Amino acid sequence: MSTTRPYPPGDRGPESGDGGASGASVDDAASLDGGPPGDGATPDGAVLAPPGRQARRLSFEGESGVVPLARDFARQALYAWGWLPAEGADRRAAAEDVLLVVSELVTNACLHAEGPDELRISVDNKVLRIEVSDRGAGQPAPRTPHRAGRPGGHGMFIVQRLCLDWGVVRSPGVSGKTVWAELGAPA
């Protein structure tokens, strides 16, 4: 189910308990929140993160063909993090789910929110988090009722079905939002 959370992207908030599961800290949340150049991002899009948490960021500024670009970026991250090449059907399916969710979130930003600004992907040993920031004012939601045979309107339904959780974060006084989704890491 969708939730709107009051805490910043990259911080999984109160349900992370002792903070050990997400590895998020104030510094991690700031680095994942798209700060200015020189904020710890490396040329390959990697972002400095606490031990046990890896993160990458891709800016879409001035880019075209953002959906395939986002998928390629996510695929490279999955290779770097050892999700690919996948050994076994379950690991392959987990990687394909990540790529599908990235595609759906970036496509929704293109169709409904003036295009995406940035894609952030982070992972620890339990959860992979995808965040897509845009300038749109709309609120994403699965089409209700969902009709499988009807064209269009399946993106957020797919995200809802594949992910552990998803939601929207807005910053007061700033236009736009960040839509995030979390998937479980393969066993």
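**Exercise 1. Work out how many residues of β5 are buried, and which way they point.**

Step 1. In this predicted model, 8 of the 8 residues of β5 are buried (under 20% relative accessible area, 1.4 Å probe, protein chains only). The strand is therefore largely enclosed by the rest of the structure. Strands here are DSSP runs of E, at least two residues, numbered from the N terminus.

Step 2. V127, R129, E131 and S133 point one way from β5. L128, I130, V132 and D134 point the other way. In a regular strand the side chains alternate between the two faces of the sheet.

Residues are numbered from 1 along each chain as its sequence is written. Local features need pLDDT of at least 70, side-chain atom pairs count only at pLDDT 80 or more, totals for chains, interfaces and linings use all residues, and side-chain values use heavy atoms, with hydrogens and water left out.

**Exercise 2. Find the strands that pair with β5.**

Step 1. Pairing takes at least two DSSP bridges between two strands. β4 and β5 run antiparallel, joined by 7 bridges. They form a hairpin with 3 residues between them. L119 has V132 as its bridge partner in β5.

Step 2. β5 and β7 also run antiparallel, with 8 bridges. Here D134 stands opposite K177 in β7.

**Exercise 3. Check the length of α3 against its expected span.**

Step 1. The expected span is 1.5 Å times one less than the number of residues. For the 24 residues of α3, that gives 34 Å.

Step 2. The end C-alpha atoms are 34 Å apart, which agrees.

Step 3. After α3 comes E114, with a positive phi near 65 degrees.

How values were computed:
Helix = DSSP H or I, 4+ residues; strand = E, 2+ residues; numbered from the N terminus. Buried < 20%, exposed > 50% of the residue type's maximum accessible area, 1.4 Å probe, protein only.
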